[in-house]
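Please work through the exercises below with the sequence and the coordinates open. Each task is followed by a solution that goes step by step.

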Amino acid sequence: MSPRLFYRTIAIAEAVTWTLLLTGMLLKYVLLPGEAGDLALRVGGTLHGLVFIAYGMTAVLVGVNQRWSLRLMVAAVATAVIPYATIPFDRLLERRGKLDGDWRSTATSDPRDHTPLSVLLRWMLNRPVLLGALFVVGLVTIMATLLIVGPPGGRS
């Protein structure tokens with residue numbers, strides 16, 4: 001899977017889960033106040049939370065691979081906060097050629113390929129099972145930590 005396809009897939013999933021979250025909110029607070037609406041919001045909110053975190057992690061991973069500036073990576077992560085903003089941002093990246101290219105799993109003569117971060121990236125890319133496992137462990141760890149801390153606004 002190319003960086004473009006990986007980023008785009010997670011960006012679209014993030015937008016889809018916004019729909020689930022907003023639908024859950026509509027059900028809980030407007031159409032079905034009570035347990036049924038609460039369940040819809042919990043499911044939509046949990047799925048959105050997972051994909052939101054995965055999108056942020058993906059934006060950083062793809063951003064490092066594609067040599068995005070720190071500002072562009074922060075902007076990519078910030079788009080997840082605004083409903084559906086990941087889709088137009090993906091289109092912007094596409095127009096600017098920021099998603100072009102493959103995973104940088106081998107060093108080139110480019111001096112940027114010899115920084116500690118690039119060396120670590122290559123090492124991880126050459127161990128895809130380990131990279132995938134670390135991605136999932138990081139995702140679960142962040143999600144579990146946030147669930148322990150509690151939802152925004154406190155528990156009801």
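**Exercise 1.** Does Val43 count as buried, partly exposed or exposed, and at what relative accessibility?

*Solution.* The model is a predicted one, in which local features need pLDDT of at least 70 and side-chain atom pairs count only at pLDDT 80 or more, whereas totals for chains, interfaces and linings use all residues. Residues are numbered from 1 along each chain as its sequence is written, and side-chain values use heavy atoms, with hydrogens and water left out. The classes are set by relative accessible area, with buried under 20%, exposed over 50% and partly exposed in between (1.4 Å probe, protein chains only). Val43 has a relative accessibility of 45% and is therefore partly exposed. Val43 belongs to helix 2, where helices are DSSP runs (H or I, at least four residues) numbered from the N terminus. Between the C-alpha atoms of Val43 and Gly24 the distance is 7.7 Å, although the two are 19 residues apart in sequence.

**Exercise 2.** Compare the end-to-end distance of helix 2 with its expected span.

*Solution.* The expected span is 1.5 Å times one less than the number of residues. Helix 2 has 31 residues and should therefore span 45 Å, which agrees with the 44 Å between its end C-alpha atoms. Just after helix 2, Arg67 adopts a positive phi of about 60°. Before helix 2, in the loop that separates helix 1 (3–31) from helix 2 (35–65), lies Leu32, which is partly exposed at a relative accessible area of 40%.

**Exercise 3.** Identify the residues of the largest nonpolar core that touch the most other members, and say which helix gives the most to this core.

*Solution.* A nonpolar core is a set of buried Ala, Val, Leu, Ile, Met, Phe, Trp, Tyr and Cys residues joined through side-chain atoms within 4.5 Å. The largest such core has 27 residues, and those touching the most other members are Tyr7, Tyr55, Trp68, Ala76, Phe89 and Leu93. At least two residues of this core come from each of helix 1, helix 2, helix 3 (70–78), helix 4 (86–95), helix 5 (116–125) and helix 6 (128–149). The most is given by helix 2, with eight residues. For Ala76, once neighbours within four places in sequence are set aside, the contacts (heavy atoms within 4.5 Å) are Tyr7, Tyr55, Ala59, Trp68 and Phe89.

**Exercise 4.** Examine the salt bridges of Arg4 and Lys28, and state how accessible the residues are.

*Solution.* A salt bridge requires a side-chain nitrogen of Lys or Arg within 4 Å of a carboxyl oxygen of Asp or Glu, and by this rule there are 11. In the bridge between Arg4 and Asp100, the closest N and O atoms are 2.4 Å apart. This pair links distant parts of the chain, since Arg4 is in helix 1 and Asp100 is in the loop between helix 4 and helix 5, 96 residues apart. Arg4 is partly exposed at 26% relative accessible area, and Asp100 is likewise partly exposed, at 44%. The side chains of Lys28 and Asp38 form a salt bridge with an N to O distance of 3.1 Å, joining helix 1 to helix 2 across 10 residues. Lys28 is buried, with a relative accessible area of 19%, while Asp38 is partly exposed at 22%. Salt bridges that share partners join Arg4, Arg8, Asp90, Arg91, Glu94 and Asp100 into one network.
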